Number of protein chains: 2
Amino acid sequence: MAQMSKSYRHGQILKLIRGQAISTQEELAAELKKTGVETTQVTLSRDIRELGLVKTPDGYRQMSRKHGGPDLDTILAEFLQDVRVAQNLLVLKTSPGHASSLAIALDQEEWDEVVGTIAGDDTVLVIAPDAGTAQTLHGRLLGNLGE
Amino acid sequence: MAQMSKSYRHGQILKLIRGQAISTQEELAAELKKTGVETTQVTLSRDIRELGLVKTPDGYRQMSRKHGGPDLDTILAEFLQDVRVAQNLLVLKTSPGHASSLAIALDQEEWDEVVGTIAGDDTVLVIAPDAGTAQTLHGRLLGNLGE
DNA sequence: AATTATTATTCAGCACTATGAATAATAATA
DNA sequence: TATTATTATTCATAGTGCTGAATAATAATT
């Protein structure tokens, strides 16, 4: 049992720092090893930055609500199957069951052009302030895919 | 606008074959080009196999409900953050908003050991027939991660 | 059966992600 | 200030996913 995924490691890091005071990256590496996750200080330095952890007198803590999921580009590439515009709305289609993953990834970008999203099973409704902005969003989403 | 994601291309393929009779992979390539997706017969041959399309007198059709999303290993690697067992239940934690993606990926595997799943925001409840099987599943899920 | 059309597969290459060794930079301690 | 501890960054590498050119295999047509 050598390697675990980055996501799983992040989950275990958060779990550990919530339960105990861990003050150094090597200490964290040792605690992670106990959960079956083997990694080095280098990787943990990166993880800590990605998770937005800060060092307090009580050890590492999560200050922001940084969620640690994949970024929007990754999610778009993996799940987005169609984009249609209807006035100030965009209808995004995903592979079945994956709409909420896409919606949350989009929400977390906090684009000004997105008023809100509603996710179903394979459809995300994206609300834009107006039709023109909806068109802009259409281009932007597909543009992300094309790069 | 050179390349689109595989997922988007799959979405456009399904959309095209639902709307018209397309009988050859080169014809499909030409129609895809009109939607902004440039690709070759080689890639489409692969896509057609992955999507489980069959050739009918009316062109390519989708016969099975093959969903075309990422496979379970990919989803586990990306989203799974913790696994806990409680009797015949497993509680899977994901990064927020991604529980249903994980649940659907698991459902699609159709493991005998999984009676059913319930997905929330960041938690998937997996129901096993008994506590022993729940333990087996625990090992299997983490084993997938470790390979 | 020969030819052409279509599809599937092999091989090569590229891009991207993730990780660790080594080291640089920074912080803490004496 | 010197030393030690801790963290961040650079460089290199491995693995994975994906794609297309070339070609092999198969199917359809003449």
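I'll start with one helix in chain B. Helix α5 of chain B, residues 99-109, lies across β3, β4, β5 and β6 of that chain. Its direction runs at about 170 degrees to β5(B). Before going further, please keep in mind that this is a predicted model.

What does that helix lie across? In chain B, four strands form an open sheet in the order β3-β4-β6-β5, with antiparallel pairing. The edge strands are β3(B), residues 80-86, and β5(B), residues 116-119, and each pairs on one side only. From one strand to the next, the twist averages 20 degrees. As general background, strands of a sheet pair through backbone hydrogen bonds, either parallel or antiparallel.

Now the pairing inside that sheet. Strand β4(B), residues 89-94, and strand β6(B), residues 123-127, run antiparallel and are joined by five bridges. If you want a landmark on your screen, find Lys93(B), which stands opposite Thr123(B) in β6(B). A second helix belongs here as well: α4 of chain B, residues 72-79, lies across β3 and β4 of chain B. Helix α4(B) runs at about 100 degrees to β3(B).

On to chain A. Here too there is an open sheet of four strands, antiparallel, in the order β3-β4-β6-β5. Its edge strands are β3(A), at 80-86, and β5(A), at 116-119, each pairing on one side only. Neighbouring strands are turned by 20 degrees against each other on average, with direction ignored. Helix α4 of chain A, residues 72-79, packs on this sheet and touches β3 and β4 of chain A. The direction of α4(A) makes about 100 degrees with that of β3(A).

Some bridge detail for chain A. Strands β4(A), 89-94, and β6(A), 123-127, pair in the antiparallel sense over five bridges. Within that pair, Leu92(A) has Val124(A) in β6(A) as its bridge partner. On to the next pair: β5(A) and β6(A) are antiparallel over four bridges. Gly116(A) is bridged to Ile127(A) in β6(A). A hairpin through three residues joins β5(A) to β6(A).

How are the two chains related? A turn of 180 degrees and a shift of 0.0 Å along the axis lay chain B on chain A, with an RMSD of 0.0 Å. The two copies are therefore related as by a two-fold rotation axis. The same surface serves both copies, since 100% of the contact residues of chain B recur in chain A. To find the axis from the chain B side, go to Ser101(B): of the residues of chain B, its C-alpha comes closest to the axis, at 3.3 Å.

That leaves the DNA. I'll take strand C before strand D.

Which residues come nearest to DNA strand C? Of the 19 around it, they are Arg9(A), Thr43(A), Arg46(A), Lys55(B) and Tyr60(B). Sugar and phosphate account for 56% of the atoms of strand C that come within 4 Å of the protein. Helices α1 (6-19) and α3 (41-51) of chain A, and α3 (41-51) of chain B, each supply at least two residues of the surface near strand C. The most comes from α3(B), with five residues. By type, the surface residues divide into three nonpolar, nine polar and seven charged.

Three phosphate contacts on strand C are worth listing. A polar backbone atom of Gln25(B) is 2.7 Å from a phosphate oxygen. For Arg49(B), an N or O atom in the side chain is 3.0 Å from a phosphate oxygen. For Lys6(A), a polar side-chain atom lies 3.4 Å from a phosphate oxygen.

Now DNA strand D. Of the 19 residues around it, Lys55(A), Tyr60(A), Arg9(B), Thr43(B) and Arg46(B) come nearest. Of the strand D atoms within 4 Å of the protein, 57% belong to sugar or phosphate, and the rest to bases. The surface near strand D takes at least two residues each from α3 of chain A and from α1 (6-19) and α3 of chain B. Here α3(A) gives the most, with five residues. The residues of this surface divide into three nonpolar, nine polar and seven charged.

The phosphate contacts on strand D include Gln25(A), with a polar backbone atom 2.7 Å from a phosphate oxygen. An N or O atom in the side chain of Tyr60(A) is 2.5 Å from a phosphate oxygen of strand D. From chain B, a polar side-chain atom of Thr39(B) lies 3.1 Å from a phosphate oxygen of strand D.

That is what I have.

Terms used
Residues are numbered from 1 along each chain as its sequence is written. Chains are lettered from A and ligands numbered from 1 in the order in which they are written. This is a predicted model: local features need pLDDT of at least 70, side-chain atom pairs count only at pLDDT 80 or more; totals for chains, interfaces and linings use all residues. Side-chain values use heavy atoms; hydrogens and water are left out. A residue is near a molecule or strand if one of its heavy atoms lies within 4 Å of it. A polar contact is a pair of N or O atoms within 3.5 Å; within protein, one must be able to donate a hydrogen and the other to accept it, and residues adjacent in sequence count only if both atoms are side-chain atoms. Ala, Val, Leu, Ile, Met, Phe, Trp, Tyr, Cys and Pro count as nonpolar, Asp, Glu, Lys and Arg as charged, and the others, Gly among them, as polar. Copies are superposed by least squares on the C-alpha atoms of residues with pLDDT of at least 70 in both. Contact means heavy atoms within 4.5 Å. Two strands pair if DSSP finds at least two bridges between them. Axes are lines fitted to C-alpha atoms, for helices over the stretch in contact, and angles run from 0 to 180 degrees between N-to-C directions.
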